[in-house]
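Please read the sequence and the structure together. The paragraphs that follow start from a single residue and work outwards.

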Amino acid sequence: AAFAAGASYVAFGAMFASRTKPRAPHAPMTVFGETAELDIPRVAIGGITLDNARGVVVAGADLLAVVSAIADADDPAAAAARFAAIFSSSPASCSHAVADSAPFLPPTEAP
């Protein structure tokens, strides 16, 4: 129904504890298998780090929503590149990942 109404993705989370939304309910990794038939990208959000991101992609997430692990990194662009590399280095079972999603670009300051 959401897709028919114009949604371009559906998000599930919090996958892990998150400083951004500490009271968000937990979503189990199994949610991606349970929603595999959806014809819309499935996004994992909440507590995503470089240490746990690969497991979320292997579980079936098409995209990752990441805040702190990139924004708080010493080199946000390098951190974003490491997240992007997870999709290209994942096993064939994760080939569903959206490869043409827009890369992370840090916000620019208004003049």
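This is a predicted model, and a convenient place to enter it is aspartate 62, which is buried because its relative accessible area of 7% falls under the 20% cut-off. The residue sits in the loop between α2 (53–59) and β3 (63–65). Its side chain has a polar atom 2.8 Å from the backbone nitrogen of arginine 42.

Arginine 42 also meets aspartate 62 through its own side chain: the two form a salt bridge in which the closest N and O atoms are 3.3 Å apart. Arginine 42 belongs to strand β2 (residues 42–45) and aspartate 62 to the loop between α2 and β3, so the bridge ties together parts that lie 20 residues apart in sequence. Both partners are buried.

How many salt bridges does a search of the whole structure find? There are two. Besides the pair just described, arginine 19 and aspartate 72 join their side chains in a salt bridge, with an N to O distance of 2.4 Å. This pair links distant parts of the chain, since arginine 19 is in the loop between β1 (10–13) and α1 while aspartate 72 is in the loop between α3 (68–71) and α4, 53 residues apart. Are its partners buried or exposed? Arginine 19 has a relative accessible area of 64% and is therefore exposed. Aspartate 72, at 48% relative accessibility, counts as partly exposed.

The fold around these residues can now be laid out. The protein has four helices and three strands, and from the N terminus on the elements follow the order β-α-β-α-β-α-α. Of the contacts between residues at least 6 apart in sequence, 58% join residues at least 24 apart. Buried residues account for 30% of the 111 residues. The protein exposes about 7,100 Å², and carbon and sulfur atoms supply 60% of that area.

Turning to the interior, the largest nonpolar core contains 18 residues, of which Phe32, Ala44, Ile48, Val56, Leu64 and Phe83 touch the most other members. Helices α1 (31–34), α2 and α4 (76–89) are the elements that give two or more residues to this core. The largest share, four residues, comes from α4.

Phenylalanine 32 deserves a closer look. With a relative accessible area of 1%, phenylalanine 32 is buried. Which residues does phenylalanine 32 contact, leaving aside its neighbours within four places in sequence? They are Phe12, Met15, Arg42, Val43, Ala44, Val56, Ala59, Gly60 and Ala61. Arg42 in this list is the arginine that forms the salt bridge with aspartate 62, and Ala44 and Val56 are among the core residues that touch the most other members.

One more contact of phenylalanine 32 remains to be described. The structure holds one aromatic pair. Its rings belong to phenylalanine 12 and phenylalanine 32; their centres are 5.8 Å apart and their planes stand at 90°, so the arrangement is edge-to-face. Phenylalanine 12 is in strand β1 and phenylalanine 32 in helix α1, so that the pair links parts of the chain 20 residues apart. Phenylalanine 12 is buried as well, with a relative accessible area of 15%.

Key: Residues are numbered from 1 along each chain as its sequence is written. This is a predicted model: local features need pLDDT of at least 70, side-chain atom pairs count only at pLDDT 80 or more; totals for chains, interfaces and linings use all residues. Side-chain values use heavy atoms; hydrogens and water are left out. Buried means under 20% relative accessible area, exposed over 50%, partly exposed in between (1.4 Å probe, protein chains only). Contact means heavy atoms within 4.5 Å. Accessible areas come from the Shrake-Rupley method with a 1.4 Å probe; for residues, only the protein chains shown count as cover. A polar contact is a pair of N or O atoms within 3.5 Å; within protein, one must be able to donate a hydrogen and the other to accept it, and residues adjacent in sequence count only if both atoms are side-chain atoms. A nonpolar core is a set of buried Ala, Val, Leu, Ile, Met, Phe, Trp, Tyr and Cys residues joined through side-chain atoms within 4.5 Å. A salt bridge is a side-chain nitrogen of Lys or Arg within 4 Å of a carboxyl oxygen of Asp or Glu. Rings of Phe, Tyr and Trp (its six-membered ring) pair if their centres lie within 6.5 Å; planes under 30 degrees apart count as stacked, over 60 as edge-to-face and the rest as tilted.
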